[in-house]
Amino acid sequence: MTFRIENVDWMRGRDRLEKLREHVFVLEWRLPREAEFDEHDDSAFHVLIIGPGDTPVATGRLTQQGEIGRVAVKRQYRSLRMYKRLFNALVSLAKAHDVPVLHVSCDLDSVNYHEKLGFTPNGPVFMEAGIPRQKMACDINRFTLPDVTHMH
């Protein structure tokens, strides 16, 4: 199966990005729509992975502050290989824009796992869509695939 990776800005890719993120987060995970889209979407760098039939199957974003998030992959495409493709594209974007430190937000039960990967907690625990979360930071040169089962 052939996949294509596209770097898109919010204005050019909004329809496809919203549809994919709504499918994964709002319909499948039952998160409130108002928690899914925020003020960072306009200025963030977005990646789309396009699959069969020119259909978006995965997305993620990199904010201007270096936070990777809004990682959404359609259920039938969730595999380690797909997540690696997506994160490699996001890290490449970060390097192209001279972002030295990458940030991810994870569920509290995966903080220890991320610390073993070289991430450090960054800031206080916070609530997102009713879920307690922790921001984690990692130097871009040490960045490795985080626990994608605990990301949003």
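**Exercise 1. The largest pocket**

How much space lies in the largest pocket? Describe its lining too.

*Solution.* This is a predicted model.
- Step 1: take the volume. The largest pocket holds about 310 Å³ of space.
- Step 2: look towards the centre. There are 20 lining residues, and Asp-38, His-40, Arg-61, Glu-67 and Lys-135 are the closest to the centre of the pocket.
- Step 3: find the elements behind the lining. At least two residues come from each of α2 (33-36), β4, β5 (101-107), β7 (126-128) and β8 (131-139). Strand β4 gives the most, with 3 residues.
- Step 4: sort the lining by class. It has 8 charged, 8 polar and 4 nonpolar residues.

**Exercise 2. The open sheet**

Work out the strand order, find the edges, and place the helix that packs on the sheet.

*Solution.*
- Step 1: read the order. The open sheet has 4 strands, arranged β1-β2-β3-β4, with antiparallel pairing.
- Step 2: find the edges. β1 (4-8) and β4 (68-73) each pair on one side only, so they are the edge strands.
- Step 3: check the turn between neighbours. On average, neighbouring strands of this sheet are turned by 20° against each other, direction ignored.
- Step 4: add the helix. Helix α3 (residues 80-96) packs on the sheet and touches β1, β2, β3 and β4. The direction of α3 makes about 40° with that of β3.
- Step 5: zoom in on one pair. Strands β2 (residues 45-51) and β3 (residues 55-62) run antiparallel and are joined by 7 bridges. Val-47 stands opposite Gly-60 in β3.

**Exercise 3. A residue in helix α3**

Is Ala-94 buried or exposed? List its contacts from farther along the chain.

*Solution.*
- Step 1: locate the residue. Ala-94 lies in helix α3.
- Step 2: apply the cut-off. Buried means under 20% relative accessible area. Ala-94 has 0%, so it is buried.
- Step 3: list the contacts. Leaving out residues up to four places away in sequence, Ala-94 touches Leu-62, Val-99, Leu-102 and Ile-140.
- Step 4: take one distance. Thr-144 is 50 residues from Ala-94 along the chain, and their C-alpha atoms are separated by 14 Å.

**Exercise 4. Positive phi**

What is the phi of Asp-54, and what is that of Arg-70? Place both residues.

*Solution.*
- Step 1: recall the background. Most residues other than glycine have a negative phi.
- Step 2: take Asp-54. Its phi is positive, near 60°. Asp-54 sits in the loop between β2 and β3.
- Step 3: take Arg-70. Its phi is positive, about 50°, although Arg-70 is not a glycine. Arg-70 is in strand β4.
- Step 4: test Arg-70 for burial. Its relative accessibility is 6%, so Arg-70 counts as buried.

Notes: Residues are numbered from 1 along each chain as its sequence is written. This is a predicted model: local features need pLDDT of at least 70, side-chain atom pairs count only at pLDDT 80 or more; totals for chains, interfaces and linings use all residues. Side-chain values use heavy atoms; hydrogens and water are left out. Two strands pair if DSSP finds at least two bridges between them. Axes are lines fitted to C-alpha atoms, for helices over the stretch in contact, and angles run from 0 to 180 degrees between N-to-C directions. Contact means heavy atoms within 4.5 Å. On a 1 Å grid over the protein atoms alone, a cavity is a set of points where a 1.4 Å probe fits but cannot get out, and a pocket is an open set with protein on both sides within 12 Å along at least five of seven lines; lining residues have an atom within 4 Å of a point. Grid points are joined across faces, edges and corners, and a volume is the space filled by probe spheres set on the points. Ala, Val, Leu, Ile, Met, Phe, Trp, Tyr, Cys and Pro count as nonpolar, Asp, Glu, Lys and Arg as charged, and the others, Gly among them, as polar. Buried means under 20% relative accessible area, exposed over 50%, partly exposed in between (1.4 Å probe, protein chains only).
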